[in-house]
Amino acid sequence: MALKLSDLKTTVHNDWCPGCGDFGILNAVQMALAEMNVDPTNTVVVSGVGCSSKAPHFIKTYGVHTLHGRSLPFATGIKLANPGMEVVVEGGDGDGMGIGAGHFVNSGRRNLDMLYIVHDNEVYGLTKGQAAPTMRLGMKTKSLPLPNINSGINPLMLAIASGYTWVARGYAYDVRHLKDLIIKGIRHKGFAFLDVLQPCPTYNDIQTKEYWAGEGNLDVNGRMQPRTYKLEETGYDGVVHASDEVEMERKVQQAVLKSFEFGDHTPIGVFYQNEFVPTYAERITKRAPSYATNPPAAQEIAYPDGTPVTNVTKLLDELRIV
Ligand code: SF4
């Protein structure tokens with residue numbers, strides 16, 4: 001039976017501020033999962049700590065609301081134990097690029113087959129709007145007494161440098177386009193990273209919905225120009241089409257250069273995609289062939305009378321270095 005959007009909504013009270021971009025991202029995630037007709041009992045949404053990390057409470061799949069910056073290690077454990085499970089990670093830029101930055105970098109190196117969505121609002125919304133790691137040097141939101149004294153991280157460039165094999169940016173209020181990106185990210189073979197421009201109307205009064213719609217960005221005829229544009233409408237192609245170093249380097253360089261465009265002309269869409277890099281599950285299976293058919297989650301853990309029967313000796317034997 002086809003999954004309906006309403007099947008993925010919970011009745012948990014949502015206390016996000018009115019107009020928060022998190023609502024757009026939540027809708028896009030639910031729309032994507034419904035369109036893909038996922039099995040909610042075989043899907044998990046994992047989050048860290050922050051406003052956006054409340055997302056698993058509102059999506060009727062499995063969900064884990066973990067610790068600050070620790071969503072990726074939790075998700076890694078889930079995916080390793082149960083590679084057949086659909087794993088989606090959600091969190092803020094403070095959660096993922098601040099305290100979770102080490103996990104962010106090392107997750108890219110592993111290339112697990114899952115999707116990480118970052119709600120990027122450049123502030124720590126849950127704790128009253130302090131400057132988050134993606135906020136640019138000199139920016140001053142209404143929540144800061146003085147302009148930001150630190151430089152901002154470029155999350156797309158960091159993702160590419162860390163080894164993520166699908167890197168994209170979406171916009172929270174372009175819900176249909178965002179939904180399509182989420183579907184692409186989930187379908188990608190490897191670790192997909194999706195940075196989402198997420199207005200926080202309560203603390204970030206610079207990058208508002210009106211700002212992205214083009215307020216103050218006028219063309220020569222005085223018409224408002226939206227500050228986002230879609231990469232796919234410009235002929236940009238971020239896909240690595242052949243398993244060769246030259247093609248890969250060319251696409252990496254192109255994506256890194258593109259990632260610096262921000263402000264009055266901000267690209268959204270897929271910056272980089274490379275399915276020629278083996279996933280972590282493929283690398284493990286090469287060393288321990290039984291992992292493919294008998295990962296930890298597929299093993300019997302108890303006899304009918306409840307006596308534990310867990311036995312991972314075979315898997316460990318295969319991984320043992322002799
Ligand atoms: Fe959204 Fe900002 Fe309110 Fe948090 S503080 S719920 S990010 S508008």
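**Packing, rings and voids in the predicted model**

Gly77 lies in helix 2, which spans residues 71-81. The model described here is predicted. With a relative accessible area of 37%, Gly77 is partly exposed. Its C-alpha atom is separated by 34 Å from that of Gly19. Along the chain, Gly77 and Gly19 are 58 residues apart.

Gly19 reappears among the contacts of Tyr173. Tyr173 touches Gly19, Cys20, Gly21, Pro199 and Lys209, not counting residues up to four places away in sequence. Tyr173 is placed in the loop between strand 7 and helix 6. Strand 7 covers residues 166-171, and helix 6 covers 175-187. The relative accessible area of Tyr173 is 26%, so this residue counts as partly exposed. Val196 is 23 residues from Tyr173 along the chain, and their C-alpha atoms are separated by 9.8 Å.

Tyr173 also takes part in a charge-ring arrangement. Lys209 lies over the face of Tyr173, at 4.7 Å from the ring centre. A further case involves Arg227 and Tyr211. Here the charged end of Arg227 sits over the ring of Tyr211, 4.1 Å from its centre.

Aromatic pairs were searched for across the whole structure, and 12 were found. One of them joins Tyr164 and Phe193. The centres of these two rings lie 5.9 Å apart, and the planes meet at 55°. The pair is therefore classed as tilted, since the edge-to-face class requires over 60 degrees and the stacked class under 30. Tyr164 lies in the loop between helix 5 (155-162) and strand 7, whereas Phe193 belongs to strand 8 (residues 192-197). The pair therefore ties together parts that are 29 residues apart in sequence. Both rings belong to buried residues. Ring pairs also extend beyond these two: Phe104, Tyr116, Tyr164, Phe191 and Phe193 are linked into a cluster.

The largest nonpolar core holds 31 residues. Within it, Leu115, Ile117, Trp166, Ile182 and Leu194 touch the most other members. Two or more residues come from each of helix 1 (22-35), strand 4 (115-120), strand 7, helix 6 and strand 8. Helix 1 gives the most, with 7 residues. Another core lies apart from this one and has 27 residues. Its members include Phe104, Ile160, Phe191 and Ala255. Phe104 and Phe191 also belong to the ring cluster.

Leu194 illustrates the packing in the largest core. Residues up to four places away in sequence are left out of its contact list. Leu194 touches Leu115, Tyr116, Ile117 and Val118, among others. Its contacts also include Trp166, Ala168, Arg169 and Gly170. Leu178, Leu181 and Ile182 are touched by Leu194 as well.

Two residues other than glycine have a positive phi in this description. Most residues other than glycine have a negative phi. Asn111 has a positive phi of about 60°. Asn111 lies in the loop between helix 4 (101-110) and strand 4. Its relative accessibility is 0%, so Asn111 counts as buried. Glu122 has a positive phi of about 70°. The loop between strand 4 and strand 5 (123-124) holds Glu122. This residue is buried, because its relative accessible area of 3% falls under the 20% limit.

Glu122 also lines the largest cavity. The structure holds 1 cavity of 30 Å³ or more. The volume of the largest cavity is about 80 Å³. Its lining includes Asp120, Asn121 and Glu122. Leu197, Gln198, Pro199 and Cys200 contribute too. Asn204, Gln207, Trp212 and Phe262 are also lining residues. Pro199 is in contact with Tyr173 as well.

The largest pocket encloses about 380 Å³ of space. Its lining has 28 residues. Those closest to the centre are Gly50, Cys51, Tyr124, Gly125 and Leu126. Helix 3 (93-99) and strand 5 each supply at least two residues of the lining. Helix 3 gives the most, with 3 residues.

Key. Residues are numbered from 1 along each chain as its sequence is written. This is a predicted model: local features need pLDDT of at least 70, side-chain atom pairs count only at pLDDT 80 or more; totals for chains, interfaces and linings use all residues. Side-chain values use heavy atoms; hydrogens and water are left out. Rings of Phe, Tyr and Trp (its six-membered ring) pair if their centres lie within 6.5 Å; planes under 30 degrees apart count as stacked, over 60 as edge-to-face and the rest as tilted. Helices (H or I, at least four residues) and strands (E, at least two) are DSSP runs, numbered from the N terminus. Buried means under 20% relative accessible area, exposed over 50%, partly exposed in between (1.4 Å probe, protein chains only). A charge sits over a ring if NZ of Lys or CZ of Arg is within 6 Å of the ring centre and within 35 degrees of the ring normal. A nonpolar core is a set of buried Ala, Val, Leu, Ile, Met, Phe, Trp, Tyr and Cys residues joined through side-chain atoms within 4.5 Å. Contact means heavy atoms within 4.5 Å. On a 1 Å grid over the protein atoms alone, a cavity is a set of points where a 1.4 Å probe fits but cannot get out, and a pocket is an open set with protein on both sides within 12 Å along at least five of seven lines; lining residues have an atom within 4 Å of a point. Grid points are joined across faces, edges and corners, and a volume is the space filled by probe spheres set on the points.
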